[in-house]
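Opening the notebook on this one. I want to go through the ligand site, then the sheet, then the core.

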Amino acid sequence: MQTYPGEQLEVLLAHSEIKHRVENLGKRITMDYDGKPLLLVGILKGSFIFMADLIRSIDLPVAIDFMAMSSYGAATKSSGVVRILKDLEQSVDGRHVLVVEDIVDTGLTLNYIFGHMRSRGAASVKICSLLDKPSRRQVAVPLHYKGFEIPDEFVVGYGLDVDERYRNLPDVCRLIKE
Ligand code: IMP
């Protein structure tokens, strides 16, 4: 993959490792939600590739929806302010909701979404995140399904970006700025 001037990439999680883990998560979700109609809510844009792979590893009838929250933009640190940019199209009232996120960093985004779903009457709300950066947590969030714990480094690829770059990388890579 071509990098941009002043940036280097180093593979942290290879695609084969991610694929294996996502399939395992899908199997667990399939067992846990047997008999419960499931609504998967992907948080745009970073979760779109994870969501696409995860849903194909879940052997149950599922509905999907998406939300978009304010992002970092060109920055690599959170501003701490969470805003809804795109809301759900479906009602969550009485439904079993599984929120699908790319990465939990400070926890501010998921903390907000978790409260939001509960206040809208979801029967249950659980969270599934591909990545977890626990060292930077500001708010505790219940992570029911987690792909990988990673160190405090900014990562891109497999849907994750910096300023819209590198989402199409098959691996999750460390972004090294020179
Ligand atoms: P939080 O609210 O601080 O937990 O941030 C969650 C959001 O920040 C994620 O959904 C990502 O969009 C973004 N984010 C946090 N860490 C990274 C990273 O290392 N690479 C790319 N995006 C990140």
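**Entry 1: Thr106**

I started with Thr106, which sits in the loop between β5 and α3. Worth noting up front: I'm working from a predicted model. Is Thr106 buried or exposed? I get a relative accessible area of 7%, and the cut-off for buried is under 20%, so Thr106 counts as buried. Next I looked at what its side chain touches. A polar atom of that side chain lies 3.2 Å from the backbone nitrogen of Leu108. On the ligand side, an N or O atom in the side chain of Thr106 is 2.4 Å from an oxygen atom of the ligand.

**Entry 2: the rest of the ligand shell**

Which residues come nearest to the ligand? I counted 16 around it, and the nearest are Asp102, Asp105, Thr106, Thr109 and Val155. For Asp102, I found a polar side-chain atom 2.8 Å from an oxygen atom of the ligand. With Val155 the contact goes through the backbone: one of its polar backbone atoms is 2.6 Å from a nitrogen atom of the ligand. I then checked how covered the ligand is. Taken alone it exposes 490 Å², and the protein buries 91% of that.

I also sorted the shell by type and got 7 nonpolar, 3 polar and 6 charged residues. By element, β5 (96-104) and α3 (108-119) each supply at least two shell residues. The largest share is from β5, with 4 residues.

**Entry 3: following Val155 into the sheet**

Val155 made me look at the strands. Its bridge partner in β9 is Arg174. β8 and β9 (residues 172-177) run antiparallel and are joined by 2 bridges. What is the strand order of the open sheet? I read it as β1-β9-β8, 3 strands with antiparallel pairing. The edge strands are β1 (7-13) and β8 (155-156), each paired on one side only.

**Entry 4: the nonpolar core**

Last, I pulled up the largest nonpolar core, which has 26 residues. Which members touch the most others? They are Ile29, Phe50, Leu54 and Leu131. The elements giving two or more residues to this core are α1 (15-32), β2 (38-44), α2 (48-55), β5, β6 (124-132) and β7 (145-149). α1 gives the most, with 4 residues. I noted that β5 turns up in both lists: it gives two or more residues to the core, and it supplies 4 residues to the shell around the ligand.

Key: Residues numbered from 1 in each chain as written. Predicted model: local features only at pLDDT ≥ 70, side-chain atom pairs only at ≥ 80, totals over all residues. Heavy atoms only, no water. Pairing = 2+ DSSP bridges. Near = heavy atom within 4 Å. Polar contact = N/O pair within 3.5 Å; in protein donor to acceptor, adjacent residues only side chain to side chain. Areas by Shrake-Rupley, 256 points an atom, 1.4 Å probe, with all protein chains shown as cover. Nonpolar A, V, L, I, M, F, W, Y, C, P; charged D, E, K, R; others polar. Core = buried A, V, L, I, M, F, W, Y, C linked by side-chain atoms within 4.5 Å. Buried < 20%, exposed > 50% of the residue type's maximum accessible area, 1.4 Å probe, protein only.
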